[in-house]
Amino acid sequence: MKRSRVLAVLVGGVFIVAVMSLNRMLELMQGAGLKQRGETPAGQVHDDLSHLQQKIDRLEHLLSDNNRLVATLRDSLLQRKAPWETGARANVSSDSAHGQTDRLPGCRLADEPKDGANGVQLLDVYDLLPFDNPDGGAWKQGFEIRYQGNEWDEQPLELFLVPHSHNDPGWLKTFDSYYQDQTKHILNNMLIKLSEDSRRKMIWAEISFFSKWWNDIDDQKREIVKRLLRAGQLELVTGGWVMADEANSHYFALLDQLIEGHQWIQRHLGVKPSSGWAVDPFGHSPSMTYLLKGAGLRDMVIQRVHYAVKKHFAKQQTLEFLWRQSWDSSSRSDITCHMMPFYSYDVPHTCGPNPAICCQFDFHRLPGGRVSCPWRIPPQPITEQNVQERALLLLDQYRQKSRLFHSPVLLVSLGDDFRFVESSEWDAQFSNYQKLFDYFDQHPELHVKARFGTLSDYFKALRRRLTAAGTTLPTLRGDFFTYSDRDDHYWSGYFTSRPFYKRLDRTLEATLRATEILFSLTTAEMRRYRGDGHLVADFPAHQHFQRLTTGRRSLALFQHHDGVTGTARDPVVVDYGTRLFHSILNLRQVLQSSAHWLLLLDKSQYHYDQSKPFLKMDDVISAQDALPQKTLLTLSDEPRSLIIFNPTEQLRTSVISIVVDSPDARVVDAQTGQPMTAQISAVWEEPTLASAEDFQLDFVAQLPPLSLVVYHVTKASVGSANRARYTFHRRGNPPTIQTEHFQVSRPEGPDTDAPLSLSNKHVQIWSSSETGLLQKLRLQSGLVRQVQVQFLWYGTTRNRDKSGAYLFLPGEEGAQLYSSSEPPLVRVSRGPVFSDITSCFRHFTHRVRLYHLEGHAGKSLEISNMVDIRSEVNRELAMRIVSNVASGNRFYSDLNSFQMQQRRTLAKLPLQAHFYPMTSASFLQDETSRVSLLSAQSQAVASLRPGELEVILDRRLQQDDNLGLGQGITDNKLTASLYQLLLEDRRGGAQEVGGASVQHLSLLAHLTSLSLCHPPITMVATSDSQLPKLRPFLPLQSSLPCDVHLLNLRTLEDTQEAGSPSQEVALLLHRKGFDCSSAPEPPLQCSWSAHEEVNLDDIFSPLQFSSVRQSGLTLLREDDEPESARPQRAPHVARLRPMEISAFRVEIG
């Protein structure tokens, strides 16, 4: 209060001085003007006017200085001294009165970063390209490449041939089948064949396979592996558990699979990857490059980029660039990237532009083998007789390819899927190429030095040449979606394919994160409790750590670019699903056991019995392809204990939902005995049939950050509980409703056609009485927007190539509005905790729900769909939101839930090109409003017309799309999808920035997304009346700043004892960048970071860190900051920049 009064006085004083100065200057000017009018000759008028103009300009300058002064004064009051100087907290409280134009400290203004003439913005490239596809000759999608022949006289061509074998951890076969049939033979032969000649090299990417093989080999072979790594003959590239998909994967999972791979490499091999290799993911995301750079990689190679973009980059000689984050104004995030110029990463498309020639240098295709060249000119073994002709033919291809790059260093890969299985292939490739290389060496007049190499060899030589020439690579901002490999074949289908498993992926992700955090807190608390650094004897820490490791690896394996993408064969999908399912069950055991120990008042009563767990989950998943089902809780006068874990770092108001056997129940806080607001609803066995035995009990819980809170549920006196009231609508055919416990009504008279309306304190909605689908939204502020929900069918084209697992090739008619012969049943429920409208259609049940909650939790609309299209043929179901937001041809979708990317709808592109991956968020906006759609699962999103946003919910396609899978996708399931829809006012700094502006989610959208992706976890104590005394576990005294996300608290493996937890924990924090143009009213109940530096001891209080060491994102010891740079004692102050992830190796004291 005091501060705002001082601010008001200061600003008022400055304003008065400014006004007085302005008046005085105007008087002087006027006086001078009057005097001169009588005396001045006509010739001087022009001079006087220009003099007056100068004075006005100067006055404007003074006023703008004055404005700056006021702003600086305000900011300096808001951004007080650093908290560790004053002892205060590091955050600005949300109590401070933010006026309409005040910006939240730390928010990000929309801007358009500029990188000068040497910068490339991919959005601008898209605007520029005609996206025509003329025949380029030998290089079908390119152009004819010419050279003189003397270009290499001064600087010889330096060529690195990089042998590789691309091993999919699941695609046409399962992970284990591929390993047994192919991968183990490749790696066994690698040991023998690389050892035969020190000039031979090889790169390997997939650590999932490498670690499995390592477990199979003896110590002698392991020593050979280490020797080859030391000699630089073998290089591990990227070092992730898999070569991850970059479209559907959430950044938590992308980083987790990278950590799993890097930690394994560090433990067993002691090396660190320096180069990335991503030749098969179907499009590329800058979120992945951010993680790679943060994990210590310097360079990377990508391949699957739209053919028109490749051609453009090849013409400009910009196939090598520094990939920079769109939001980064510095060069900190830059990583050197090499884009392969041609169609594929196989041998025919890597030596040069002519595949018919390059295929002749794939010596695995020699006559008599199982594979041949489709161009019908086979390779020839290299002999003394043909070596000259063969070498010159190959050199011509190398030289042509080299003309597409700035430097005379050339990267050519040698490999394909599951290559080098047989010993004969190793011999054929290496011996024939060595003869060609020897010929080049013997003929210096050719000016070429060729040898086998690794990615490190190549990038080292590239740097050396660039430095010598004094050239720098251009910078690039943007992403490489949506990928097309030819014609109108856009790979936007896989953004949605197998949506059931995309949802299961996120369920495992949320379960894993919650379990990691609770397990780390439990072991730290045990060590503190015992006082000797040891864990409680009865706690199965070793088994639990094994379960965590298996969970990490199951999630990691599924991030493979044929896993989460939904592009594997049916049996492989079942194998992935089974791994995800078993991991969820195993992690739940760790959660239950950890919570059990933390909750006990008397810790000596802890006993672990796997067959009789003390806590159980409130739902059961019966199989890998089944949705979770709530378990029935039997109530009596004796209280049943419910334990709720809040896995987020924020205090949250959540609605907890359980199923009980009585329509009369009450819930109290076990600590205080305070009754909770609750509501009893029907469990609908069919749209009009309510269960007579099961009832849904929902109550409002206040959950402190990372807490375990105990509630008691008992049977209540008859009629004492708030029951939901129902209204049913169906046009022309009134339904018969069967329920004995709930009040049911039907609309009569004028109400029959009136729009349905629901409201809470923050928002009011109107829906169609005929369909129940949303039509309009109104905020408490008065902002009203048309927001209509529609459902649509897409068919597939009549052409030969049709939609499949990868491709979306819709029919020429585009989307058709969903219609059904039967009018839908519409069920409206109203109650004190929530009200909702459910529409029951044949292929889906759609529900929109408003929660009657204080604070930000009540500001969004929950939308859920239950979809079943198993009866359909070649159809895709979409949900479209049609609004009157004037968004033009632009919208924003997220990349891996890490950052937002602007998208543009362009008339020159086909419909399928406008669908982009959406991991968790997209939005439309104009100058006064923003509509955000936040999702709990990945899917395709598009905005085909201004004000529209649509997502594909499921796809069922009868045919293969000729990309190798060999089947359609017809294994559809009953599939749930969940969203939050948020309408927000925009003000204060909401002017549109032109061009490729960088935008962010609002703070409210970030918090809503956090709640959506990390719901509270409900456990039930066994109904034994001899229940020991429990107390809530409250590890933090307050929420973290609301722009700081606890990404993970991951226990690291013990360096001495393999497979056991160490005392060290990886603390991963992500400081979110959030939008300046919407400050929610009333202000959020959390604080936000005013400074880049935060005191970790302070924000995690009362948890204490006995040691904190900042590290790289994959926690490799060599990336740890040196001892000299570390704060030796508390406070542990760390720098958290907006948008950045920071990793710390900590011990919780």
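**Strand S41 and a negative patch**

In this predicted model, Ser929, Val931, Leu933 and Ser935 point one way from S41, while Arg930, Ser932 and Leu934 point the other way, and all are buried.

Q: What makes S41 "mostly covered"?
A: Buried means under 20% relative accessible area. In S41, residues 929-935, seven of the seven residues are buried, so each of them falls under that 20% cut-off.

Q: How do you know that S40 and S41 pair?
A: Pairing takes at least two bridges between two strands. Five bridges join S40 (residues 921-925) to S41, so the pair qualifies. The two strands run antiparallel, and Leu924 has Val931 of S41 as its bridge partner. S40 and S41 also form a hairpin, with three residues between them.

Q: What makes S44 and S41 a pair?
A: Again, the cut-off is at least two bridges. S41 and S44 (residues 975-985) have seven, in the antiparallel sense, so they count as paired. Across from Ser932 you'll find Leu982 in S44.

Now for the surface patch.

Q: Why is Glu686 called partly exposed?
A: Glu686 has a relative accessible area of 48%. Partly exposed lies between the buried limit, under 20%, and the exposed one, over 50%, so Glu686 gets the in-between label. Glu686 sits in strand S22, residues 678-686.

Q: What makes the patch with Glu685, Glu686, Glu693 and Glu740 negative?
A: Glu counts as negative, and the patch is formed by Glu685, Glu686, Glu693 and Glu740, so negative is the right word for it. Patch residues need over 30% relative accessible area; Glu686, at 48%, therefore clears that bar.

Conventions:
Residues are numbered from 1 along each chain as its sequence is written. This is a predicted model: local features need pLDDT of at least 70, side-chain atom pairs count only at pLDDT 80 or more; totals for chains, interfaces and linings use all residues. Side-chain values use heavy atoms; hydrogens and water are left out. Buried means under 20% relative accessible area, exposed over 50%, partly exposed in between (1.4 Å probe, protein chains only). Helices (H or I, at least four residues) and strands (E, at least two) are DSSP runs, numbered from the N terminus. Patches are made of residues with over 30% relative accessible area and no salt bridge: like charges are joined within 9 Å, nonpolar side chains (Val, Leu, Ile, Met, Phe, Trp, Tyr) within 5 Å. Accessible areas come from the Shrake-Rupley method with a 1.4 Å probe; for residues, only the protein chains shown count as cover. A salt bridge is a side-chain nitrogen of Lys or Arg within 4 Å of a carboxyl oxygen of Asp or Glu. The place of a charge is taken as NZ of Lys, CZ of Arg, CG of Asp or CD of Glu.
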